[in-house]
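This report introduces a protein model together with its ligand and its pockets. Please keep the sequence and the structure in view while reading.

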Amino acid sequence: MNKTIAIIRGDGIGPEIMDEALNVLAAVADKYGHVFTCVDAPMGGNAIDKFGEPLPKDSLETCLTADSVLLSAVGGPKWDGMPKDKRPERGLLNLRSGMGLFSNIRPARIFPELKDASPLKPSIVERGIDFVVVRELIGGAYFGEHTTTKRGGEDYAQDIMGYSEHEISRIAHVAFQTAQKRRKKVCSVDKANVLDSSKLWRRVVTEVAKQYPDVELSHMYVDNCAMQIVKDPSQFDVIVTENLFGDILSDEASEITGSIGMIPSSSLGEGTRGLYEPIHGSAPDIAGKNAANPIGMILSAAMMLRFSFGMSEEADAVENAVNTALRDGLRTGDMMSDGCTQLGCREMGRAICERI
Ligand code: NAD
């Protein structure tokens, strides 16, 4: 296959971890006979320095015409004092809305070798943690009307949480299709005992489920789900939920795996073109020191192979290479423990390439 990938190298550790993800993609291309054409799309602080804006028009165009987009991370103290619409993060928000990315997928997966890093009890971790949170990204309370008025002589603020059938249906499809590529279980999370938007959510998700008879659907209230994620995360395969609940639950889900440098994410719109990025930031404190963990970035590239390019075998190869490197005792500084071998970012990238 021939695929074009827009590359956002970003700021801080961004270019270092991106180099390793690109080396891994080159190894995949080599092994499976694909051609990946990578086109740079400057965004973030470096784009502000060069072009005076966080997301130059040409960069957005590059992302909109590529088959998919890989992003490391943007931002840093150098640009903290910029006006709001000129900050690096603005580039990211504009990119997400410009690409119409309504779904965010974040896996929560514990690597057996790193299980001590989880804040959960070993007896819980041993049952396994391997699920994904599919979060609706451009609806709900964050995008509803926000007003602050006076009521009874005091300030009164409200944020409207609204969903249309169409908005619920399209994210539900993403969840069911994600589950079809996994263990075929979807847990839809809402607050249907209280909220009308959740009642509609539950009804529409249940209707969409009829198109996926191979996937088992269950429903759970959000407060119970928050509890179940720490009590027995092994029960989950795919969790689908609205924007605000998903924001909170996906952070909780990341935290129980224990390691910020390891976690990838993807954001998708209507088509197969997505935005893939690790969940961490640009880590300015370790930038340029060859100390960053490139695994979250590399696993983001694996997600791109799986979800945007339909290359499951290739994605498995990358994920297995990461697992093998960890099993061989290789670690970057952030996850170093006794008896293991500490590597720099470049050396970890090379070790993963060698295992593909
Ligand atoms: P951060 O995630 O960059 O760093 C938090 C801590 O985790 C630091 O100690 C850092 O060294 C460590 N860390 C993060 N990623 C690591 C990796 N791959 N390997 C090893 N250690 C790693 O969060 P922060 O310090 O709050 O933010 C730094 C900058 O990143 C800020 O400008 C922030 O706005 C930006 N940011 C960008 C994104 C994004 O681009 N999506 C997300 C979050 C933060």
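## The ligand and its contacts

The model described here is a predicted one, and a convenient place to begin is the ligand. An oxygen atom of the ligand lies 3.0 Å from a polar backbone atom of S282. Overall, the protein covers 67% of the 810 Å² of accessible area that the ligand has on its own. Two further contacts of this kind can be found: an oxygen atom of the ligand is 2.7 Å from a polar backbone atom of G281, and an oxygen atom of the ligand is 2.9 Å from a polar backbone atom of V74.

Around the ligand there are 20 residues, of which V74, E89, G281, A283 and N293 come nearest. Sorted by class, this shell is made up of nine nonpolar, seven polar and four charged residues.

## The largest pocket

Turning from the ligand to the empty space in the protein, the largest pocket has a volume of about 630 Å³. Its lining consists of 25 residues, and those closest to the centre of the pocket are L92, L93, R96, R135 and L137. Twelve residues of this lining are nonpolar, seven are polar and six are charged.

Which elements each supply at least two residues of the lining of the largest pocket? They are the helices α4 (88–98) and α9 (243–257) together with the strands β4 (103–109) and β12 (274–278), and the largest share, five residues, comes from α4. Seen by domain, the lining of the largest pocket takes at least three residues from domain 1 (1–104 + 263–356) and at least three from domain 2 (119–147 + 157–256).

## The second largest pocket

The second largest pocket holds about 430 Å³ of space. Of the 21 residues that line this pocket, P107, R109, D130, R182 and E319 lie nearest its centre. Two or more residues of the lining are given by each of β4, β5 (130–136) and α10 (295–307), and α10 contributes the most, with four residues.

By class, the lining of the second largest pocket has eleven nonpolar, three polar and seven charged residues. Here, too, the domains can be considered: the lining of the second largest pocket draws at least three residues from each of domain 1 and domain 2. The strand β4 is listed among the contributors to the lining of the largest pocket, and β4 is also listed for the second largest pocket.

How values were computed. Residues are numbered from 1 along each chain as its sequence is written. This is a predicted model: local features need pLDDT of at least 70, side-chain atom pairs count only at pLDDT 80 or more; totals for chains, interfaces and linings use all residues. Side-chain values use heavy atoms; hydrogens and water are left out. A residue is near a molecule or strand if one of its heavy atoms lies within 4 Å of it. A polar contact is a pair of N or O atoms within 3.5 Å; within protein, one must be able to donate a hydrogen and the other to accept it, and residues adjacent in sequence count only if both atoms are side-chain atoms. Accessible areas come from the Shrake-Rupley method with a 1.4 Å probe; for residues, only the protein chains shown count as cover. Ala, Val, Leu, Ile, Met, Phe, Trp, Tyr, Cys and Pro count as nonpolar, Asp, Glu, Lys and Arg as charged, and the others, Gly among them, as polar. On a 1 Å grid over the protein atoms alone, a cavity is a set of points where a 1.4 Å probe fits but cannot get out, and a pocket is an open set with protein on both sides within 12 Å along at least five of seven lines; lining residues have an atom within 4 Å of a point. Grid points are joined across faces, edges and corners, and a volume is the space filled by probe spheres set on the points. Domain bounds come from an automatic or database domain assignment.
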